[in-house]
Amino acid sequence: MDSVEPILSLRGIGKAFYGNRVLTDVSFDVAPGEIIGLVGENGAGKSTLMKILFAMPVIGETGGFEGSIVFNGKEVKFRNSFDALDVGIGMVHQEFSLIPGFTTTENILLNRESLHGSALIDIFGPRISTLDRLTMESRAQKAIAKLGVTLDPKMLIREMPVGHKQFTEIARELCRENVKLIVLDEPTAVLTESEAEVLLATLRLLAAEGIAIIFISHRLREIVELCDRVVVLRDGRKIEDFPAKGTSIKEIASLMVGRSMEAQAQIDAASEARLRQDGAQQAETILAIENLWVDMPGETVRNVSLQVKQGEILGIGGLAGQGKLGIPNGIMGLAPAGGSVTLRGKPVALNAPRAVLERNMAFVSEDRRGVGLLLDEGIDWNIAFTAMQVQDKFLKPLLGGLLQWRSDAAMADLAAEYIKLLEIKCTGPGQRAGNLSGGNQQKVCLAKAFALSPDVLFVSEPTRGIDIGAKHLVLDTLKKHNREYGTTIIMVSSELEELRSVCDRIAIVYEGRIEGILPHTARVEEFGILMAGADRDEPPLSLAEGSEQ
Amino acid sequence: MISKLRLFLIENAVVILFVLLIAFAIPVSGLPASFLLQEILTRLGRNTFLVIALLLPIMAGMGLNFGMVLGAMAGQIGLIFITDWGVVGLPGLLLAMIISLPISVFLGWLCGSIMNLAKGREMVTGFILAFFMNGLYMMVVLYAMGSIIPVFNPEMLLSRGYGIRNVVGLDGVRQCLDNLIPLKIAGLNIPVFSFLIIAAVSWFIVWFRKTKLGQDMRAAGQDRAVSGAAGIPVEQTRIVAIIISTVLAGIGQIIFLQNLGTINTTSSHEQIGMFSIAALLIGGASVTKASIPNVIVGVILFHLLFLVSPMAGKNLIGSGMLGEYFRQFVSYGVIALALVLYEWKRAAQEHASRATLRGGAPADGKEAAA
């Protein structure tokens, strides 16, 4: 392959959003007919890289990018994504960009329809001429034929099985005369295994015809099976670029999640400290989750069973979109859910937020500004609000209990206590929550949950979007609360190191199911493999965990 | 088979309901068939064009175009001018249409541009815009005409010297389209030429759907984001849909008024939007789907109901007013019903589309295929 002129060369690509660096000096080549597997954790920079390639508006608006793109031997500067399409780069998106009420043909040729000539064109422009449906159908057929699958050109998209929709999208990219490179972003995520097999075969067919392919997937098995070369991104840098032949899922997984030695040492130290307390962990089950499903858009939980022990900190990790956020949101009644959840042996009502709160369970939401806070109210109100609503705290009876009056003094005391305890930086208990910084908002959210004195506390993405100092304080506070009050904490986070430094056990969610549960002392690679769903064929580790009880 | 019948009944529930209602009301009203038939023929010729003006915005995903009232205003201004200038007959109507055209195009462009700022809320935007424009229209007709805009015929002006009178007689152009090709079958007057015009505009709509622009409208109507990503100029396409609708509404209002023979200066245009939309919905159209058959069936059913309900009310309860109330109730009610039905259907579809994500744990990998 080295002797062949590359179709695409990325040279020293770098990008920062508002001073926050997401890509640093990424360079690699793609040869004609080559299939490149692009892998990396969430936030590794894959999608930013593709946005740069397609000149998405967000890149230009935030000051462009560093480095250069050479396509087909010439340096290119795309003004928008249509420029990229014009030179022959196609993109198949993760979400279907198809029009449901249109046929296969109409979608494949969307805005590239064949037209009849008409005298009116001279007056009203080309859009006034009628569509040449016969030619359109034969063009669509030709594109479909390249795929090696059969699609009905007259079928409506909304009546199609999911797999056919994906093929329709690919056919649309193939239908451009000059397509030389196709980027596929998680194309198999929505497909069944057999459909995915067919898709991979199709991609091989296309590569054999000389079309280069960049294949982005979390399914590492597919990467190993399909690709010629694997490019691993981590924290915005290209970590490795090597032939896929002879590599293993394990190797790629550990490259994806591997951290610097320093961070590893920190975690090991933290792990040892926690290990000493582990003697006390033989506690009973406080919360049992059986066959939970949650319909949370983008975070679907399909079937989760999990036992949470009294007094532990359980971590839930996994890549974005696999369903880890759905678990707390479903149990707390914020998204439609089903299955059974029992707290101390008694069933918990689902889809009823108040009933869950009354069972002494609390939730610190990942959606701080939306769910977590009353942005226009003061800190005191925010902290006391849920406790007042659910547990009748901070109220004083009036007229012999006929009326209940809010006790502002009690609320102010409470606020002052937490402001001190959590070092909330503010002008006073009355400051509007909306005016606080992200980290201080998060502390208010924590205080609100603590004010309920919960038995079980769900914490979702507690450190997202807050600075390092606040991060430490938030995590320490959680640990302290767990130790001092025996609160059982279930912490959901995208950051594996964070989970490993705080939690006793960590469950990894993959495609809406628990892929496995590991002790916090497990090696990074083991987590990486679970996150990539590589062990689908073996019995899930969670079963083994459950049988211990 | 049974489920197919059920589906048919659900899909056509509104039409079936109104057919039953009318089947009950016609005998009760005691009106002779020949009268009803003549009235329906006349009203088909009078109203169909206006209802057809609603079709393109629905196709472009902009819902029922309450903004068509703007076009009606433009048509009326055209008619007021030709009456003042004394241009009569077919040339008069043509001139009125030509005068209305630039006004309609401008108002349509304005309406479309504003609706682009309020995507997803086009209906209420159009509705309120019609109220706003009504104010401007009143200002032009009641103050500017005769003072700034010269009006030559003093009989058209209010006694104070400026502003158009409440009623403008259209004696010069009265029914000149309807009677251009006189045809009488079994004692019934058939407005042949009006029907020909309606056939022509129907053909235009059918043809337009096949054009690239029509295809773009359908695409933008179903998914703006996908269409935009494919390079279709979505906003421009939407504006074009509203402009065509407004222009057709202007011409439609001229056809409507030449049949009536008088303009009620301050109110002729007001109810046109409501009645046209109600007729279209009774014909089985929805907020997202409407066709020419919907238009024809709707105009027939809506106006039959209009015709028979006062007499039916009088014969049943002894009060003709009941029928009058009923008309109002029906036109507003059917619009509300159609909007509720649409939302309900959409919610049901959304629920169905997420069904595979809910409940149980299907065997690995099978759920995506379901």
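**A tour of the chain A sheet and its contact with chain B**

Begin with chain A, where six strands (strands being DSSP runs of E with at least two residues, and helices runs of H or I with at least four, numbered from the N terminus) make an open sheet of mixed pairing in the order β6-β7-β8-β3-β9-β10; two strands pair if DSSP finds at least two bridges between them. Select β6 (89-92) and β10 (237-243) of chain A to see the edge strands, each of which pairs on one side only. From one strand to the next, the twist averages 20 degrees.

This is a predicted model, in which local features need pLDDT of at least 70 and side-chain atom pairs count only at pLDDT 80 or more, whereas totals for chains, interfaces and linings use all residues. Residues are numbered from 1 along each chain as its sequence is written, and chains are lettered from A and ligands numbered from 1 in the order in which they are written.

Next, select β9 (residues 229-234) of chain A, which pairs with β10(A) in the antiparallel sense over six bridges; L233(A) stands opposite K238(A) in β10(A).

Then add helix α8 (residues 193-208) of chain A, which packs on the sheet, touching β3 and β8 of chain A, and whose direction makes about 150 degrees with that of β8(A). Here angles run from 0 to 180 degrees between N-to-C directions, with axes fitted to C-alpha atoms, for helices over the stretch in contact.

Finally, turn to the contact between the chains, which takes 31 residues from chain A and 24 residues from chain B, residues being in contact if their C-beta atoms, placed from the backbone, lie within 7 Å. On the side of chain A that touches chain B, β11 (285-294) and β12 (301-309) of chain A each supply at least two residues.

Methods:
Two residues are in contact if their C-beta atoms, placed from the backbone, lie within 7 Å.
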